[in-house]
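Visitor: I would like a close look at a single part of this protein, with its surroundings explained step by step. Please keep the language plain.

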Amino acid sequence: YVCVLILSCFLRASNSTECVSSRAAGAFSRREERLRALRTDAVTFTTPPSEGVVFAAWVSSFDLLGRSAEISQLLQSCPKLKALHAELVPDSLPYRTFWQHYYFRVERMERDEERRAAAIARAAANRAAEAISQSAGVSDNPSDFDDWSDAPSLPAAPAPTAAPAPTAAPAPAAPPALAPAAVAEGEGVAGAGAAIAAGGEGGDGGDGDGGLSGG
């Protein structure tokens, strides 16, 4: 039982590490996993790429002869790829077509992974910048300043008070009007005074004339 278990673990490790780099099993990157899938799937080599126009333009500049040493290394390091190559070439596919399909898809995969890595890096940079802004208490988003309902309100400045208008001096009060009885009484007093004065003047004159006559 122990021997069967060890053999089973060995076979699983061998299958997981074929056609990839020499990194320890179970520690493969996303790129390595995708590359391994391309190298061990017959569809990679037998199905023309869906980007027909792009593929035709790419083939016109692809240097297959310059990949000879790399192809030899791939066939030695990846038993599954070597088996597919022996099965398909040249009975089902020409040698050139087999490797054109493979390298085109590998380049597409590499491009996708580069874009993904760039997007992840941008997102990480944005999160770092946001964290720095929040720790500093400053926001780089203009929309954060649209709503000030929670902001403390400043006391309003007191409105300037108008100077009091100058008041006019009060007009002198008119003398109180005398009642009719008081007026009549005053007139009577004044008349009596006038009569007395007139009588006095008459008396003085009589005395004088009498004295003259007597003499």
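Guide: What follows is a walk around one helix, α6, and the helices about it. The model is predicted, and every value below is computed from it.

Some background comes before the details. The protein has eight helices and zero strands. From the N terminus on, its elements therefore read α-α-α-α-α-α-α-α. Of its 215 residues, 17% count as buried. Among contacts between residues at least 6 apart in sequence, 66% join residues that are at least 24 apart.

Now to α6 itself, which covers residues 79-88. Which of its residues are buried? They are Leu 81, Leu 84, His 85 and Leu 88. Looking down the axis of α6, these buried residues fall within an arc of 100°, so they line one face of the helix. On the other side of α6, Lys 82, Ala 86 and Glu 87 are exposed. The helix thus has a buried face and an exposed side. What does the buried face pack against? The partners of the buried residues of α6 are α2 (30-40), α3 (43-46), α5 and α7.

One of the buried residues deserves a separate look. His 85 sits in α6, and its relative accessibility is 14%, so His 85 counts as buried, the cut-off being under 20%. Leaving aside residues up to four places away in sequence, His 85 touches Leu 75, Tyr 95, Phe 98 and Trp 99.

Leu 75 leads to the next helix, since that residue is found in α5. Leu 75 has a relative accessibility of 18% and therefore also counts as buried. Along the chain, Leu 75 and His 85 are 10 residues apart, and their C-alpha atoms are separated by 8.3 Å. With residues up to four places away again left out, Leu 75 touches Leu 81, Lys 82, His 85 and Trp 99. In that list, Leu 81 and His 85 belong to the buried residues of α6, while Lys 82 is one of the exposed residues on the other side.

A second residue of α5 can be set beside Leu 75. Ser 72 lies in α5 as well, but with a relative accessible area of 40% Ser 72 is partly exposed. The C-alpha atoms of Ser 72 and Lys 82 are separated by 9.6 Å, and these two residues are 10 apart along the chain.

From α5 the path goes to α7. Helix α5 spans residues 68-77 and helix α7 spans residues 95-136. The two pack at an angle of about 85°, and their axes are 13 Å apart. Angles from 65 to 115 degrees count as roughly perpendicular, so α5 and α7 are roughly perpendicular to each other. On the α5 side, the contact is made by Glu 70, Ile 71, Leu 74 and Leu 75. On the α7 side, it is made by Tyr 95, Trp 99, Tyr 102 and Tyr 103. These residues divide into seven nonpolar, no polar and one charged. Leu 75, Tyr 95 and Trp 99 take part in this contact, and all three are also touched by His 85 of α6.

Between α6 and α7 there is a loop, and Pro 90 lies in that loop. The peptide bond from Val 89 to Pro 90 is cis, with omega near 0°.

How does α7 pack with α2? The angle between these two helices is about 165°, with their axes 11 Å apart. An angle over 145 degrees counts as roughly antiparallel, so α2 is roughly antiparallel to α7. Their crossing is right-handed. From α2, the contact is made by Arg 30, Arg 31, Arg 34, Leu 35, Leu 38 and Arg 39. From α7, the contact is made by Tyr 102, Arg 105, Val 106, Met 109, Glu 110, Asp 112, Glu 113 and Arg 116. The residues of this contact divide into five nonpolar, no polar and nine charged.

One of the charged residues there can be followed further. Glu 113 is found in α7, and at 11% relative accessibility Glu 113 counts as buried. Not counting residues up to four places away in sequence, Glu 113 touches Arg 30, Arg 31 and Arg 34.

To return to the starting point, the buried residues of α6 pack against α2, α3, α5 and α7.

Terms used: Residues numbered from 1 in each chain as written. Predicted model: local features only at pLDDT ≥ 70, side-chain atom pairs only at ≥ 80, totals over all residues. Heavy atoms only, no water. Axes fitted to C-alpha atoms, helices over the stretch in contact; angles between N-to-C directions. Helix = DSSP H or I, 4+ residues; strand = E, 2+ residues; numbered from the N terminus. Parallel < 35°, antiparallel > 145°, perpendicular 65-115°, else oblique. Contact = heavy atoms within 4.5 Å. Nonpolar A, V, L, I, M, F, W, Y, C, P; charged D, E, K, R; others polar. Buried < 20%, exposed > 50% of the residue type's maximum accessible area, 1.4 Å probe, protein only. Arc of directions from axis to C-beta. Left-handed = near helix turned anticlockwise from the far one by under 90°.
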